[in-house]
Amino acid sequence: MFDIDICIPSFNRSDSLLQTLNSIMLTDERLNINLFVIDNASDVDYETAVKENFPRNYNVNLFVVRNRNNLGMSANIMRCFEQGQSEYLYIMSDDDLVLP
């Protein structure tokens, strides 16, 4: 089991999503993290964009979950609760930037 799940719902904003992902600087190697990107049936290939541009560092497991159809903003956010399996769930926007 992981300590925390971070979930980021997104739709057609891969550029800002990549900035958000790269702002998550994890320096505590004792923390295990699952990072979920919930793609709301974007026109952009999130799987490729995220896997090619997000550096594998520390102990982060990255998953891209694509909805078959666009569920709308609220339902896409609710999908985050379906993915989380850890004790803690942190939901971020695809344009949030994490600062040290």
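Good morning. I begin with a term: a salt bridge here is a side-chain nitrogen of Lys or Arg within 4 Å of a carboxyl oxygen of Asp or Glu. By that criterion, the structure before you holds 5 salt bridges. Please keep in mind throughout that this is a predicted model.

Let me take the pairs around Arg13. The side chain of Arg13 meets that of Asp94 in a salt bridge, with an N to O distance of 3.0 Å. Where do the two partners, Asp94 and Arg13, lie along the chain? Asp94 is in the segment after strand 4, whereas Arg13 is in the loop between strand 1, residues 4-10, and helix 1, residues 14-23. They are 81 residues apart, and the pair links distant parts of the chain.

Asp95 also meets Arg13 in a salt bridge through the side chains, again at 3.0 Å, N to O. Because Asp95 lies in the segment after strand 4 and Arg13 in the loop between strand 1 and helix 1, this pair ties together parts that are 82 residues apart in sequence. Taken as a group, Arg13, Asp94 and Asp95 are linked in a network of salt bridges.

How do the members of this network stand with respect to solvent accessibility? Is Asp94 buried or exposed? Asp94 counts as buried, because its relative accessibility is 5% and the cut-off for buried is under 20%. Arg13, at 35% relative accessibility, counts as partly exposed. Asp95 is partly exposed as well, with a relative accessible area of 43%.

I turn now to a pair between two strands. The side chains of Asp39 and Arg66 meet in a salt bridge at 2.8 Å, N to O. Asp39 lies in strand 2, residues 33-39, and Arg66 in strand 3, residues 60-66, so this contact ties together parts that are 27 residues apart in sequence. Asp39 is buried, with a relative accessible area of 1%, while Arg66 is partly exposed, with a relative accessible area of 47%.

My next topic is the largest pocket. About 170 Å³ of space lies in this pocket. Which residues line the largest pocket? The lining consists of Pro9, Ser10, Phe11, Arg13, Asn40, Gly72, Met73, Asn76, Ile77 and Asp94. Two elements, strand 1 and helix 3, each give two or more residues to the lining. Helix 3 gives the most, with 3 residues. By class, the lining has 4 nonpolar, 4 polar and 2 charged residues. I would draw your attention to Arg13 and Asp94, which are among the lining residues and which also meet in the salt bridge described earlier.

From the pocket I move to the surface. Met73, Ile77, Met78, Phe81, Leu89 and Ile91 form a nonpolar patch there, with about 560 Å² of accessible area together. The elements that give two or more residues to this patch are helix 3, residues 73-83, and strand 4, residues 88-91. Which element gives the most to the nonpolar patch? Helix 3 does, with 4 residues.

Ile77 deserves a separate remark. Ile77 has its place in helix 3; it belongs to the nonpolar patch and is one of the residues lining the largest pocket. Because its relative accessibility is 32%, Ile77 counts as partly exposed. Met73, too, is found both in the patch and in the pocket lining.

Next, two points of backbone geometry. Asn12 has a positive phi of about 55° although it is not a glycine. Asn12 is found in the loop between strand 1 and helix 1, and with a relative accessible area of 29% it is partly exposed. Ala41 likewise is not a glycine, yet it has a positive phi of about 60°. The position of Ala41 is in the loop between strand 2 and helix 2, residues 46-53. With a relative accessible area of 16%, Ala41 is buried.

Lastly, I consider Ile24. Ile24 is found in the loop between helix 1 and strand 2 and, at 7% relative accessibility, counts as buried. How many residues separate Ile24 and Asp96 in sequence? They are 72 residues apart in sequence, and their C-alpha atoms are 9.8 Å apart in space.

To conclude, I return to Arg13, which is linked with Asp94 and Asp95 in a network of salt bridges and is one of the residues that line the largest pocket. Thank you for your attention.

Definitions and conventions. Residues numbered from 1 in each chain as written. Predicted model: local features only at pLDDT ≥ 70, side-chain atom pairs only at ≥ 80, totals over all residues. Heavy atoms only, no water. Patch = residues over 30% accessible without salt bridge, like charges linked within 9 Å, V, L, I, M, F, W, Y side chains within 5 Å. Areas by Shrake-Rupley, 256 points an atom, 1.4 Å probe, with all protein chains shown as cover. Buried < 20%, exposed > 50% of the residue type's maximum accessible area, 1.4 Å probe, protein only. 1 Å grid on protein atoms, 1.4 Å probe; cavity = no way out; pocket = protein on both sides within 12 Å on 5 of 7 lines; lining within 4 Å. Points joined across faces, edges and corners; volume = space filled by probe spheres on them. Nonpolar A, V, L, I, M, F, W, Y, C, P; charged D, E, K, R; others polar.
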